[in-house]
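Let's take a walk through this chain together, one piece at a time. Have the picture ready and follow along.

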Amino acid sequence: MTGLVEEIQAKVLDKNVSITELLRMVKLAASKLQLTDAIEWVDHELRGYPTRDSVPEYRRTMGELKAHNPMRGPIPVAGDQGLIRKISEQFITEPISKVEALCGDGTGTLISKVDGELTAAIAKGNYGIHMDMFVHMSAAVFVDIQEQVRNQILDWAVSLEQAGVRGEGISFSMEEKKKAADVASSVIHNYGVIHNGDNSGNQNRMNVNASDNSTNSLDIDNTFQNLLLAVQEGVPNAEHREEMIEIIKTMKETKGTSGYVSAFQKLVGYAADYATVLAPFIPALSSLLS
């Protein structure tokens, strides 16, 4: 009889199986194995995250703030760049079922209206001209959230199997429960943060019962390198490709300075046209803004 862990592995590779269904299977397995941190992460994914601070990194992204001009349509917003950046940062708290529904085929743009008080504050930097403002986000961001969750589920199930935890049907032995307790905490930590590196070595970012706001320098260098490759291979327009490559190089050289913010905003300007290329990298790049 196929065990629950192997069944999860099989279904996670099937794109026709929804993330919602996979998470329910993970919750069943985690409940049987008494893995409380995995249960907590699944519950937040299924029901939504209660606060911005509880949202994991892969659900954080940067949108693009635009004012909706009645005559010209959406236009860029000038003013306090710190405030604009703060408004543009999006924390996706919705349940995974809503994330799945919103993304569609991943090619559209989603907009959310900005609170009236914030709109008034921005208007002060635009000669007092008041217009409704919206944050625009690529639907590809929501596709990426699903993929991050799917990958995390796979890592979790594979780690259990490697430790000898497979189950029989939906049941697990006492020995398997003990093994699961030993390995699970190295895969899913607070709300789905995956452990990188060993417990005492370099690049370790274990996070238990706290928000992980650190930045792994090797991960960031790899992000820039992988982004350059993605742009080189995925942007057919030669002029856009060369401009984006120069922007990425500038971002790498200026990270931690105000120059990075400006370069990042230029790159985000290409997100609508090249969502599938850029969206997987936006969460990591936006983490360098703070």
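Which way do α3 and α7 cross, left-handed or right-handed? The crossing of α3 and α7 is left-handed; a crossing gets that name if the near helix is turned anticlockwise from the far one by less than a right angle, and is called right-handed if clockwise. Before going further, a word on where this comes from: what you see is a predicted model, in which local features need pLDDT of at least 70 and side-chain atom pairs count only at pLDDT 80 or more, while totals for chains, interfaces and linings use all residues. Residues are numbered from 1 along each chain as its sequence is written, and side-chain values use heavy atoms, with hydrogens and water left out.

Back to our pair of helices. Helix α3 covers residues 36–47 and helix α7 covers residues 140–162; their axes come within 13 Å and cross at roughly 160°. (Axes are lines fitted to C-alpha atoms, for helices over the stretch in contact, and angles run from 0 to 180 degrees between N-to-C directions.) That angle makes α3 roughly antiparallel to α7. Angles over 145 degrees count as roughly antiparallel, those under 35 as roughly parallel, 65 to 115 as roughly perpendicular, and the rest as oblique. On the α3 side, the contact is made by Ala-38, Trp-41 and Glu-45, and on the α7 side by Val-149, Gln-152, Ile-153 and Trp-156. Contact here means heavy atoms within 4.5 Å. Sort the residues of this contact by class and you get five nonpolar, one polar and one charged. For that sorting, Ala, Val, Leu, Ile, Met, Phe, Trp, Tyr, Cys and Pro count as nonpolar, Asp, Glu, Lys and Arg as charged, and the others, Gly among them, as polar.

Helix α7 has another partner, α2. The two pack at an angle of about 30°, with their axes 11 Å apart, and are therefore roughly parallel to each other. α2 passes α7 in a left-handed crossing. Ile-19, Leu-22, Leu-23, Val-26, Ala-29, Ala-30 and Leu-33 in α2 meet a set of α7 residues that includes Gln-146, Val-149 and Trp-156. By class, this contact of α2 with α7 has 11 nonpolar residues, one polar and one charged.

Between α2 and α3 there's a loop, and Gln-34 lies in it. Gln-34 isn't a glycine, yet has a positive phi of about 60°. Gln-34 is also exposed, with a relative accessible area of 60%. The cut-offs are simple: buried means under 20% relative accessible area, exposed means over 50%, and partly exposed is in between (1.4 Å probe, protein chains only).

Now find helix α5, residues 96–103, where Ile-96, Val-99, Glu-100 and Cys-103 are buried. Why do they line one face of the helix? Seen down the axis of α5, the buried residues fall within an arc of 100°, so they line one face; the arc is that of the directions from the helix axis to the C-beta atoms. What covers these buried residues includes α2, α3 and α7, so to speak our old acquaintances. Glu-100 deserves a second look: leaving aside neighbours within four places in sequence, Glu-100 is in contact with Ser-18, Ile-19, Thr-20 and Gln-146. Glu-100 and Phe-142 are 42 residues apart in sequence but 7.2 Å apart in space, C-alpha to C-alpha. Just after α5 comes Gly-104, whose phi is positive, near 55°.Helix α4 tells a similar story. Ile-84, Ile-87 and Ser-88 are buried there, and they cover an arc of only 100° around the axis, which puts them on the same side of α4. Ser-88 counts as buried at 4% relative accessibility. Not counting neighbours within four places in sequence, the contacts of Ser-88 are Thr-61, Met-62, Gly-63, Leu-65 and Val-135.

Finally, zoom out. The chain has 13 helices and six strands; these are DSSP runs numbered from the N terminus, with helices (H or I) of at least four residues and strands (E) of at least two. Of the 290 residues, 45% count as buried.
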